[in-house]
Amino acid sequence: VSQSRYRNSEIQTIITVPRGLGFWGDMVITLKDGSKLEFRALPRFRDIATYIEDKIAPKGVKSVNTSV
């Protein structure tokens, strides 16, 4: 387990992929410098993605939701 700090203004895209009938999911946040933050098996991943998108939406962040 590691921790990273980043500013909302550094986020370029958020990609979510539902798993386990949508009860949990994976998320990849791509930063403007090209680095990626990967989160696996997140409960409430949709709520988390929505929260992040709401905080950064005015800055033109693209969100991609992928259904499996």
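This is a short talk on the fold and the salt bridges of one protein chain.

One point before the details. What you see above is a predicted model.

Let's start with the overall layout. The protein chain has four strands and one helix. In what order do the elements run from the N terminus? The order is β-β-β-α-β. So much for the outline.

Next, burial. The protein chain has 68 residues, and 28% of them count as buried. The chain exposes about 5100 Å². Carbon and sulfur atoms supply 51% of that area.

Now contacts along the sequence. Take contacts between residues at least 6 apart in sequence. Of these, 38% join residues at least 24 apart.

On to the main topic, charged pairs. Side chains of opposite charge can pair when their charged atoms come close. How many salt bridges does the count give here? The count comes to four. I will go through three pairs.

Pair one is Arg19 with Asp26. Their closest N and O atoms are 3.0 Å apart. Is Asp26 buried or exposed? Asp26 is buried, because its relative accessible area is 10% and the cut-off for buried is under 20%. Arg19 is partly exposed, at 35%.

Pair two brings Asp26 back. Asp26 also forms a salt bridge with Arg40. Here the closest N and O atoms are 3.5 Å apart. Where do the two partners sit? Asp26 lies in strand β2, residues 24-31. Arg40 lies in strand β3, residues 36-43. The two are 14 residues apart in sequence, so this pair ties those parts together. Arg40 itself is exposed, with a relative accessible area of 56%. That puts a buried Asp26 opposite an exposed Arg40.

Pair three is Arg44 with Asp47. The closest N and O atoms are 3.5 Å apart. Arg44 counts as exposed, because its relative accessibility is 59% and exposed means over 50%. Asp47 is partly exposed, at 45%.

Now let's put pairs together. Which residues are joined into one network by salt bridges that share partners? They are Arg19, Asp26, Glu38 and Arg40. Asp26 is one of the shared partners, with a salt bridge to Arg19 and another to Arg40.

To recap. The chain runs β-β-β-α-β. The count gives four salt bridges. Asp26 in strand β2 pairs with Arg40 in strand β3. When you turn the model, look for Asp26 and its partners Arg19 and Arg40.

Technical notes:
Residues are numbered from 1 along each chain as its sequence is written. This is a predicted model: local features need pLDDT of at least 70, side-chain atom pairs count only at pLDDT 80 or more; totals for chains, interfaces and linings use all residues. Side-chain values use heavy atoms; hydrogens and water are left out. Buried means under 20% relative accessible area, exposed over 50%, partly exposed in between (1.4 Å probe, protein chains only). Contact means heavy atoms within 4.5 Å. Accessible areas come from the Shrake-Rupley method with a 1.4 Å probe; for residues, only the protein chains shown count as cover. A salt bridge is a side-chain nitrogen of Lys or Arg within 4 Å of a carboxyl oxygen of Asp or Glu.
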